[in-house]
Amino acid sequence: MIRVVLPTHLRTLARVDGELQLRVDGPVTQRSVLDAVEANFPVLSGTIRDHVTHRRRSFVRFYACEQDLSHEVPDAPLPDAVATGDEPFLVVGAMAGG
Amino acid sequence: MTGVRVLVGTRKGAFVLSSNAKRERWDISGPHFAGWQIYHLKGSPADPNRLYASQSSGWFGQLIQRSNDGGKTWEAVGNKFAYDGIAGTHQWYDGTQHPWEFARVWHLEPSLTDPDTVYAGVEDAALFRSTDGGSTWKELSGLRGHNSGPRWQPGAGGMCLHTIVLDPSNPERIFVAISAAGAFRTDDAGKTWRPINRGLRSQGIPDPNAEVGHCVHRIAMHPSRPGVLFMQKHWDVMRSDDAGDSWREVSGNLPTDFGFPVAVHAHEPETVYVVPIKSDSEHYPPDGKLRVYRSRTGGTEWEALTKGLPQSDCYVNVLRDAMDIDSLDSCGVYFGTTGGQVYASADSGDSWAPIVRDLPAVLSVEVQTLT
């Protein structure tokens, strides 16, 4: 199972506590993980990436294994530790005042 | 039980303020959607327990929330606002053409007759409609497709469609206003639109009398006289007696004719309220005195309403969607400030008192009269 950590506001929207545990079929990439997030929690569609273009929203970041993966292409494989469930995939609201 | 529900959208959540018909003691619930900007929330005239809210943030984008129990509980509904067809371009600040890009929903206007039908005014300026309670949204693209569309350009606050007025006597007629394009009207339920800006005069644009390009801030109508419209423009308070075909200035003796909201009394169609603001760069009341101005003559002659409002050192603003009225026998008037106060008057504006003083900056105030 893939572990996904959401920021507080998105956990509230999805009505979940703690990490998500998601099944991802096929290669584990940003795209496949986010597809699984949105399939399980449709309310999150459009909040992490654009509905149509699927581009990451500007103030959302993706981290894993102490790396910033925000600028990786969506179909790049995520680190093995994410694919095995040893490490979570972090969706983070960027630090920006307000 | 007769009462009033005041729906308040703020920079950091929504609040629901409730009272009986005396409007002396208020229950306050919230924040709902804590931490999110609530540009607007409004109830259905056809079912007062059906509410819609626009919830957004710079991080996570746009959501629409719906309540079926007067704001006690909410559920997120559809948030996909896709422009119809090829989005096209409009004029950008530097004069170049810029793609139409959805940013947020500024205003939600529920149908007068169907709780599941609701209109959304969005930035970049467009009008959307849902007929399934907000689950799905479809653009009424005839508006953006008007041949002036490529000449529309954003005001300082973005290119937003912020005002939607439905004609209670004609379901085919809708008025909208866009900053900074102006006012538009459809007479065929949104298929085609035409600018209704004749008589507006704006010094800040190359042709002060242009067909489009005016920064209209807000339009108000009394339901018994849908052909009479009142407008607070960037500067100037205006009036139309022919459903927007022509406008004349009714600023009269106002201390400044800049401002954002305008509202009409529930029972007196010639009684109008505005909140004068010092200038377009000084968004606070002149002389540090928070004054609502009331005209009982449909404009031109205005009186300051000050009882209960701060008359020194007050430097808040009142935004375009942040004023409304109730329809109880003694008409109530309400407005919220960027300082987080919501003021109410239960006597048509003669005297005021704060319902609540310390909310986040108030973006919108909508009032439901419950019977």
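This short presentation describes a predicted model with two chains, A and B, beginning with the fold of chain A.

Good morning. Let us start with the overall layout of chain A. This chain contains 3 helices and 5 strands. If we read along the sequence, the elements follow the pattern β-α-β-α-β-β-α-β. The radius of gyration of chain A is 12 Å, close to the 13 Å given by the globule rule for 98 residues, so the chain is as compact as a globular protein of that length. Along the principal axes, the C-alpha atoms of chain A fill a box of roughly 35 × 25 × 25 Å. Of the 98 residues in chain A, 27% are buried. Consider also the contacts in chain A with a separation of 6 or more: residues 24 or more positions apart account for 55% of them.

I now turn to the sheet. How are the strands of chain A ordered in the sheet? The 5 strands form an open sheet in the order β2-β1-β5-β3-β4, and the pairing is mixed. At the edges of this sheet we find β2 and β4 of chain A, the latter at residues 67-68, and each of these pairs on one side only. Within the sheet, β3(A) and β5(A) run antiparallel and are joined by 4 bridges. As an example of residues facing each other, A:Val60 stands opposite A:Gly93, which belongs to β5(A).

Next, please look at helix α2 of chain A, residues 30-40. Which of its residues are buried? They are A:Gln30, A:Val33, A:Leu34 and A:Val37. Seen down the axis of α2(A), these buried residues fall within an arc of 95 degrees, so they line one face of the helix. A general point helps here: an α-helix has 3.6 residues a turn, so residues three or four places apart point the same way. What does the buried face of α2(A) pack against? The buried residues pack against four strands of chain A, namely β1 (2-5), β2 (20-22), β3 (60-64) and β5 (89-93). The helix α2(A) lies across these strands, and runs at about 110 degrees to β2(A).

Let us move to the contact between the chains. Chain A contributes 14 residues and chain B contributes 10 residues. On the side of chain A that touches chain B, helix α1 of chain A, residues 8-14, gives the most, with 3 residues. By class, that side of chain A has 7 nonpolar, 6 polar and 1 charged residues.

Finally, I come to chain B. Strand β4 of chain B, residues 37-44, is mostly covered, with 8 of its 8 residues buried. This strand runs antiparallel to strand β5 of chain B, residues 47-57, and 7 bridges join the two. Together, β4(B) and β5(B) form a hairpin with 2 residues between them. One bridge in this pair links B:Gln37 with its partner B:Ser56 in β5(B).

My last residue is B:Arg66, located in strand β6 of chain B, residues 61-67. Is B:Arg66 buried or exposed? B:Arg66 has 22 C-beta neighbours inside 10 Å and therefore counts as buried, since the cut-off is 20 or more. Leaving aside neighbours within four places in sequence, B:Arg66 is in contact with several residues, including B:Tyr52, B:Trp74 and B:Gly133. B:Arg66 and B:Leu41 are 25 residues apart in sequence, and their C-alpha atoms are 9.4 Å apart in space.

Thank you for your attention.

Technical notes: Residues numbered from 1 in each chain as written. Chains lettered and ligands numbered in written order. Predicted model: local features only at pLDDT ≥ 70, side-chain atom pairs only at ≥ 80, totals over all residues. Contact = placed C-beta atoms within 7 Å. Nonpolar A, V, L, I, M, F, W, Y, C, P; charged D, E, K, R; others polar. Buried ≥ 20, exposed ≤ 12 C-beta atoms within 10 Å, placed from the backbone. Arc of directions from axis to C-beta. Rg over C-alpha atoms; globule rule 2.2 N^0.38 Å. Pairing = 2+ DSSP bridges. Axes fitted to C-alpha atoms, helices over the stretch in contact; angles between N-to-C directions.
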